[in-house]
Amino acid sequence: MSAEEPLIADLFDVDKRLSLKPVVDFNSYLRNAFGEGPCRCHRCTEGQDQAGYSLAHNFTFDNRQWHRRFASTCASDVAQVLKKAWLSYTKADLGLFGPLDLTTVKTFTEASLHPRLLALLPASGLAREVDGQWQLQAPAD
Ligand SMILES: [Zn+2]
């Protein structure tokens, strides 16, 4: 789906900041971060137990199975698009270490993409939830 789809602008009519390009790009990124069907990496095709993975490969959204697209979903990839959207939406820089204001992130993320957001933050290694608070971990690069 292209960033210029009129549907997106209609959905976000209440808040014009949601039509800012970096915000639209962030939503497109989330939508495209997962491919349909199970992960076909070496470990998964060998039938390894995903519970032993430090970062998840397989997910269920919209009653279907999805896998994370590794080529575009490392922590620094997610950090890059999130920082741009955050800056555009809040007019402030997002520090990549410490507590993450997930409520604000959700305000510029389409509701239908919230499951992807909540899956991708930990699966990319960018953030994790500790006692109900999301913590950013600066990407290693
Ligand atoms: Zn896999």
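Contact here means heavy atoms within 4.5 Å. Keep that in mind as you open the structure, which is a predicted model.

**Stop 1: Arg116 and its neighbours**

Start by selecting Arg116, which sits in helix H6, spanning residues 114–124. Is Arg116 buried or exposed? Its relative accessibility is 5%, so Arg116 counts as buried. Now show what lies around Arg116: leaving aside residues up to four places away in sequence, Arg116 touches Leu30, Arg31, Phe34, Phe61, Asp62 and Trp66. Next, add Thr60 to the selection and draw a C-alpha to C-alpha distance to Arg116. Those two residues are 56 apart in sequence and 9.4 Å apart in space.

**Stop 2: from Arg31 to Glu110**

Keep Arg31 on screen, since Arg31 is one of the residues that Arg116 touches. Which side chain does Arg31 meet in a salt bridge? The partner is Glu110, with an N to O distance of 2.8 Å. Glu110 belongs to the loop between helix H5 (102–107) and H6, and Arg31 belongs to helix H2 (residues 21–32), so this pair ties together parts that are 79 residues apart in sequence. Glu110 has a relative accessible area of 7%, so Glu110 is buried.

**Stop 3: two more salt bridges**

The whole structure holds 5 salt bridges, and two others are worth a visit. Select Glu36 and Arg64, whose closest N and O atoms are 2.9 Å apart in a salt bridge. Glu36 is in strand E1 and Arg64 in strand E3 (residues 64–68), so the pair ties together parts that are 28 residues apart in sequence. Switch on the surface here: Glu36 is exposed, with a relative accessible area of 52%, while Arg64 is partly exposed at 41% relative accessibility.

Then move to Asp15 and Arg17. Their side chains also meet in a salt bridge, at 3.2 Å from N to O. Asp15 is buried, with a relative accessible area of 17%, whereas Arg17 is partly exposed, with 38%.

**Stop 4: the zinc site**

Now select the zinc ion. Which protein atoms are its donors? They are the SG atoms of Cys39, Cys41 and Cys44 together with ND1 of His57, at 2.1 to 2.3 Å from the zinc ion. Display the angles among the 4 donor atoms and you will find 103 to 116°, a tetrahedral site. Along the sequence, the donor residues of the zinc ion follow the spacing C-x1-C-x2-C-x12-H. Cys39 lies in the loop between strand E1 (34–36) and helix H3 (42–45), and His57 in the loop between H3 and strand E2 (58–61), so these two tie together parts that are 18 residues apart in sequence.

How accessible are the donors? Cys39 is buried, with a relative accessible area of 7%. His57 also counts as buried, at 7% relative accessibility. Cys41 counts as buried as well, at 19%; the cut-off for buried is under 20%.

While you have cysteines selected, add Cys74, which is partly exposed with a relative accessible area of 34%. How many disulfides does a search of the whole structure find? The search finds 0.

**Stop 5: the E4-E6-E5 sheet**

For the last stop, switch to a cartoon view and pick out strands E4, E5 and E6. They form an open sheet of 3 strands in the order E4-E6-E5, with antiparallel pairing. E4 and E5 are the edge strands, each pairing on one side only. Strands of a sheet pair through backbone hydrogen bonds, so the backbone is the part to display here.

Look at the E4 side to begin with. Strand E4 (residues 98–99) is joined to E6 by 2 bridges. Gly98 stands opposite Leu136, and Pro99 stands opposite Gln135.

On the other pairing, strand E5 (residues 127–130) is joined to E6 by 4 bridges. There Glu129 stands opposite Trp134. The hairpin of E5 and E6 has 2 residues between the strands, and in it Asp131 takes a positive phi near 50°.

Finally, turn on the side chains of strand E6 (residues 133–136). Which of them are buried? The side chains alternate: Trp134 and Leu136 point to one face and are buried, while Gln133 and Gln135 point to the other face and are not.

Definitions and conventions:
Residues numbered from 1 in each chain as written. Predicted model: local features only at pLDDT ≥ 70, side-chain atom pairs only at ≥ 80, totals over all residues. Heavy atoms only, no water. Buried < 20%, exposed > 50% of the residue type's maximum accessible area, 1.4 Å probe, protein only. Pairing = 2+ DSSP bridges. Disulfide = S-S within 2.5 Å. Donors = N, O, S within 2.8 Å, 3.2 Å for Na, K, Ca; no water. Tetrahedral: all angles 85-135°; square planar, octahedral: opposite > 155°, others 65-115°. Salt bridge = Lys/Arg side-chain N within 4 Å of Asp/Glu carboxyl O.
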